[in-house]
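Visitor: I would like a tour of this protein. Please show me the model, and I will ask how each label is earned.

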Amino acid sequence: MELITRTEDLAAACAKLATAPFIAVDTEFMREQTFWPRLCLVQIAGGETEVLIDSMAPDIDLKPLFDLMVDETVLKVFHSARQDVEIVHHLAGVIPHPIFDTQVAAMVCGFGEAVSYSMLVKRLLGRNLDKSSRFTDWSRRPLSERQLTYALGDVTYLRDLYPKLRAQLDQSERASWLNEEMAVLTDPATYELHPEHAWRRLKMRIKTPKALAILMELAAWREREAQTQDIPRSRVLKDEALYDIAGQAPRSVEDLGSLRSLHNGFARSQRGRAVLEAVQRGRERDPATVPPLQRGEPMPPEAQAVVDLLRVLLKATAGRHGVAPKLIATSDDLEEIARSDDADAAALRGWRRKLFGEDALALKRGELALAVKEGAVTVLAPEGSAAEEPEDNA
C-alpha cells in the first residue's frame, strides 16, 4: 500500500489516475467535535493505481487531488457520495464532476432503499467486507496497518462494482434517472449552508407564527455561531432549548434564566445576551417573511386517507418497476401531494413525476383506482371513465 504524505508524490499519483476512464473514491473523516468535517484520509483506485492520501500530513498540498476531482475526462465513482462531495466543496470550493453514486444506482436498479456498501459487495462480487475498522479514530497518527487495509479495500471493491452496476443500469434503460440524481449531487446549491435557512432542518414543535419567527432567528444565530467556531450545533444550543425559547419568547435575563432547558448561568453569558437579541429580532420580524405553519400540523382525516392511498400506490409502483419506494417519494412528498396538486415535491418533478407523480394526481382526482388482483395491488381506471381499460375477453 502506498500512503502519500508529500505533495510531489500526490501530484505523480494523480497524473497516473487521470489516465483512467474512471476512479473509485472514498474518504475517512471525523466531525463529532466540529461543525465542518475534518478530512483524515482519501482513498482512490483507478486502473492499476491504488493510493491512500494522508490529508493530515504536514507537508502535503491537496491541490493535485482537487484538480483530479474536477477533471471532466475522469468519472469519479463514490458510494453514498454526498458527504464526500461536501468535504471537497468545503475545502476547495469545487464540486467533483462527473460522478457516479453506486448507492443511488443500486436503488434505481432495484437493490432496495439506502443499500449498504457491504451488501452490494456481497451480492455483486461475492465478497464479505471486514467492517471492524469503520468507527476507529481516523485522526490519530500513525494509522495502523489494519486501518489502511480496510480503507483501501473500500475503493478496490468499489472499482470492481462500478462496471457491474453500470451494465445493469444500461440494461434497465434508466440512466437518465441516475443523471437527474447526479445533477442534484453536483449542484453547489446542495451544499450551501445559509444560516437564514437553518430553521428548515428543525422539527416544527411550535404552534404560532410568532414562535416560528423567533425560531428562525434563533436557528440562524446558532448556525452562524457553529460555523464560525467550527463546533457542532448542539454545543452552541440544543434543539430542545431552541423550541423552549421560541415558545416562551423571554424578554429579560430573568425570563431566560427560568427556562429549564438552559444550564445555570447561560442567561447572563454572552450567548444568553445574543439569544435575547435574536428573540427580539423574531418579535419584530415582518409577518410576511414568516411561512405558514403547515409542517407539524395534524392532517385532516380526509387528507390522511389520501396519504394512505398514495402510500399504497407508491409501493405498487415501486414493486412493478423494481425501484426502492424511498427513491421515488418520501413520506413528506406524499403529505404535500395530499395537501396540494401544485406541491413543490420531488415526486412531482422529472422522472419521478412520469413514474409516480402523474398517477398520484390522477388518483386524487378519481381518475384512477386501486384494486387487488391475484394477490397484488394493481392500478386501474374507474368504471365508466374514459381511461377505463377494456375487459380481457380472451
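Visitor: What makes up the area that the protein chain exposes, and how much is it?

Guide: The protein chain exposes about 20700 Å², and carbon and sulfur atoms supply 49% of it. Accessible areas come from the Shrake-Rupley method with a 1.4 Å probe; for residues, only the protein chains shown count as cover. Two notes before we go on. This is a predicted model, where local features need pLDDT of at least 70, side-chain atom pairs count only at pLDDT 80 or more, and totals for chains, interfaces and linings use all residues. Residues are numbered from 1 along each chain as its sequence is written, and side-chain values use heavy atoms, with hydrogens and water left out.

Visitor: Why is R222 called buried?

Guide: Buried means under 20% relative accessible area, exposed over 50%, and partly exposed in between (1.4 Å probe, protein chains only). R222 has 2% relative accessibility, so R222 counts as buried. Across the protein chain, buried residues make up 46% of the 394 residues.

Visitor: Where is R222, and what does R222 touch?

Guide: R222 sits in helix α8, residues 209–229. Helices (H or I, at least four residues) and strands (E, at least two) are DSSP runs, numbered from the N terminus. Not counting residues up to four places away in sequence, R222 touches R201, L202, R233, V236, L237, K238, D239 and L242. A contact means heavy atoms within 4.5 Å.

Visitor: How many helices and strands are there in the protein chain?

Guide: The protein chain has 16 helices and eight strands.

Visitor: What is the order of the strands in the open sheet?

Guide: The six strands run β1-β4-β3-β2-β5-β6, with mixed pairing. β1 (3–4) and β6 (99–101) are at the edges, each with a single partner strand, so one side of each is left without a neighbour in the sheet.

Visitor: How do you know that β2 and β5 pair?

Guide: Two strands pair if DSSP finds at least two bridges between them. Three bridges join β2 (residues 22–30) to β5 (residues 75–78), so the pair meets the rule. These strands run parallel. I23 stands opposite K76 in β5.

Visitor: What joins β7 to β8?

Guide: Five bridges join β7 (residues 369–373) to β8 (residues 376–380), and the two run antiparallel. V372 stands opposite V377 in β8. β7 and β8 form a hairpin with two residues between them. In the turn, E374 has a positive phi of about 55 degrees.
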